[in-house]
Every structure is written in C-alpha cells, then in structure tokens.
Amino acid sequence: MKSKYYLKLTGKYILRMVTLLIAVSIISFILVSLSPVDPVQQYVGSVPNVSVEQRAKIAEYWGLNDPPVERFLAWGKSLLHGDFGVSLIYRRPVLDVIKEKFATSLALMMTAWVFSGIIGFAIGCAMGIFNGKWIDKILKKVCLIMCSIPTFWIGIVFLMLFSVQLGWFPMGMSVPKGVPADQVTILQRIHHLILPALTLSFLSFANVALHTREKLVDVLESDYVLFAKARGESKWSILKRHGLRNIMLPAITMQFGSFSELFGGSVLAETVFSYPGLGAAASAAGMGSDIPLLLGITLFSTLFVFVGNMLANIIYGIVDPQIREGYRNE
C-alpha cells in the first residue's frame, strides 16, 4: 500500500512540475519579448565600429526577426536538448554558469536555512513557554519587526557593524581577494560565509518563530497538557513529552516551504556582500538584460522552489498518517 501511495504521489508531483515549468516558460518568454531592451545592443555592448549589417546578421542568427511563436518553439526545442543558450555577460553556456554559481549559492542557502530553522524554533519555543510574560512580549516584537525589515538593509547594517566597525568578518566575496582557488582553506570559506548566511537567515527565522509560538501555545493550553500539569509533571517534561512532538511537524513543514523566500533573499544578500552565487548572477542578468541567463535562472529557481515544497509535503505525509489517507482519497 505504501509503495502504491508513493508511486501515485510521485506521478502527481511530476505532472505538476512539468505543468508549472511550461507555464513559467511561456510567461517568462512573453515578458522578455515585451521588454524594450535591445538584446543585440546588450550583446555588442561598448564594442565600437559594429555596422548595421553586422547587427542584422546577429539578429538573424538569433532568430529575432522571426515571429514570437516560432522563437518560443525554437527556444523550447533547445531546452529539451539541454541547450539553454549562451550568457551575454559571462560569454559562456548558461547551463555552465548556473552549475558554477549554484554550487557557491548552495552552501550559503543551506547554512542560512539551518540557522533560520534552529534560531526560529528555539525562539518560538521560548516565547511559547513564557507566553504572556515580558520575555514573550519582547521577542514577539522583535520577530514582528524582523518580518518587515528588508534583507538588503540587514546586510548593510551587518557590514557596517561586524565588518567596518568591529572587523570580525570580511567585507564580501566568498574567498579572500587575491588568493588562488586551490589555496583557499575551509576556515577561510566559512569566515566569508557566516555573515551573508546570518543575513539571509534573518529573512525567515521570525516567521518560523512566530508560527512555532502559536502552535506551542495551543498545545500547552490543551486538555491533555492540563491533565499532565495536574499529575505534577514539570514544565520541561511537558515540553519534551507533549510540546516538541506536536510542534516539530509544522515547523519542519514551514522550514521546507521557505525555499522560495530563501532563494529570493539570496539575490539581495549576495548583491550586498558581493557573493558570487546564483542570486548575484540573477541580479546581474536583470541589470544587464542577459536574457538567456535570466530565463535559465528563472526556470532553475522555479524547479528549486518546487522541490522544496514537494519535500515539505512528502515529509508531512511520512510523519502524519492522516495526510497519506487524504492523498489516497483524492
């Protein structure tokens, strides 16, 4: 039964993923086609003495003179063969750029993801335990403020405080400037990683904390917890035996569902810290009108966010049998 359930669930996710990627491809291509930016001019850049005939040949080579439908079908056919085009900024295949940049961003996003989960869950538990007391009120106000502060502002403040004033962390980049890649140590990479990761983790830890607090308050006010208190169980025993079991699942689900915020925030965090990852590449592609790279990153980010939400639903189904029954009845 379980194998049939997971097979059915996998089929549904594959269908949804294909449908989503097709829809995103169509919408992205339409938006790019409506852009007033001339891709030939962006490709030529500041190169002098480019004649009108040469520009016309470039436009003909790229198929810019063809109808939009034909261009979209040609682009989609190239995608099916694994050809995402050539980046105008990096002068390299888009897929190679995405692979290289994502490898750098993955360490940053996963570190920030772990930071936000641990910090958010711990603060949420503290607020739930001391519900209504001064600790809860202060932490709740801090979390509400953090939800409204943009990532780039936090990054700038962290740079001014920890890099400029205190000198604890470098100003940016993922490795020390001027050091060959094969000579960079793990400690140096971690040193450059901590501050951007903390900045990025502040994007979602407040949401996890507030969500965990509400769930824990509901658990601690339930009848079975009141009965446990009447039997003389301590507050920490109740939290361990009843509270954590009931709030872990929603916290994990929300943490996996925060992949979209994590990827969106990485664009700003990497730009502030000059961190050479996929977020910085997306920002550069948007500013430089690098259409092939921008479309490639859009599709990749869609797939990344979809996988995060899919993992959240799968974990929810594994832990909670009622969710599996709901999928079987669909």
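User: Before we start on Ala285, what does contact mean here?

Analyst: Contact means heavy atoms within 4.5 Å. Leaving out residues up to four places away in sequence, Ala285 touches Ile89, Asp290, Leu293 and Leu294.

User: What kind of model is this, and how are residues numbered?

Analyst: This is a predicted model, in which local features need pLDDT of at least 70 and side-chain atom pairs count only at pLDDT 80 or more, while totals for chains, interfaces and linings use all residues. Residues are numbered from 1 along each chain as its sequence is written, and side-chain values use heavy atoms, with hydrogens and water left out.

User: Back to Ala285: where does it lie, and is it buried or exposed?

Analyst: Ala285 lies in helix α13 (residues 278-287); helices (H or I, at least four residues) and strands (E, at least two) are DSSP runs, numbered from the N terminus. Ala285 counts as buried because its relative accessibility is 0%; buried means under 20% relative accessible area, exposed over 50%, and partly exposed in between (1.4 Å probe, protein chains only).

User: How far is Ala285 from Ile89?

Analyst: Their C-alpha atoms are separated by 7.4 Å, although the two residues are 196 residues apart along the chain.

User: And the chain as a whole: how many helices and strands?

Analyst: The chain has 15 helices and 0 strands. Of its 330 residues, 37% are buried. Among contacts with a separation of 6 or more, 72% come from residues 24 or more positions apart.

User: Switching to charges: how many salt bridges are there?

Analyst: The structure holds 3 salt bridges, a salt bridge being a side-chain nitrogen of Lys or Arg within 4 Å of a carboxyl oxygen of Asp or Glu. In one of them, the side chains of Glu100 and Arg92 meet at 2.9 Å, N to O. Glu100 is partly exposed, since its relative accessible area is 39%, and Arg92 also counts as partly exposed, at 31%.

User: What does Arg213 pair with?

Analyst: Arg213 forms a salt bridge with Asp136, the closest N and O atoms being 2.8 Å apart. That pair links distant parts of the chain, with Arg213 in helix α9 (residues 205-220) and Asp136 in helix α6 (residues 134-148), 77 residues apart. Arg213 also forms a salt bridge with Glu214, where the closest N and O atoms are 2.6 Å apart. Through shared partners, salt bridges join Asp136, Arg213 and Glu214 into one network.

User: Which members of that network are buried?

Analyst: Arg213 is buried because its relative accessible area is 8%, and Asp136 counts as buried at 3%. Glu214 is partly exposed, with a relative accessible area of 39%.

User: Why can such side chains pair at all?

Analyst: Side chains of opposite charge can pair when their charged atoms come close.

User: Moving on to Ser163: where is it, and what does its side chain reach?

Analyst: Ser163 is found in helix α7 (residues 151-165), and its side chain reaches the backbone oxygen of Phe169 at 3.2 Å. Ser163 counts as buried because its relative accessibility is 9%. Beyond residues up to four places away in sequence, Ser163 touches Phe158, Phe169, Pro170, Met171 and Leu195.

User: Last topic, cysteines: how many disulfides?

Analyst: The count comes to 0 disulfides, where a disulfide is a pair of cysteine sulfur atoms within 2.5 Å. Cys125 is buried, with a relative accessible area of 9%, and Cys143 is buried, at 1%.

Note on methods
Polar contact = N/O pair within 3.5 Å; in protein donor to acceptor, adjacent residues only side chain to side chain.
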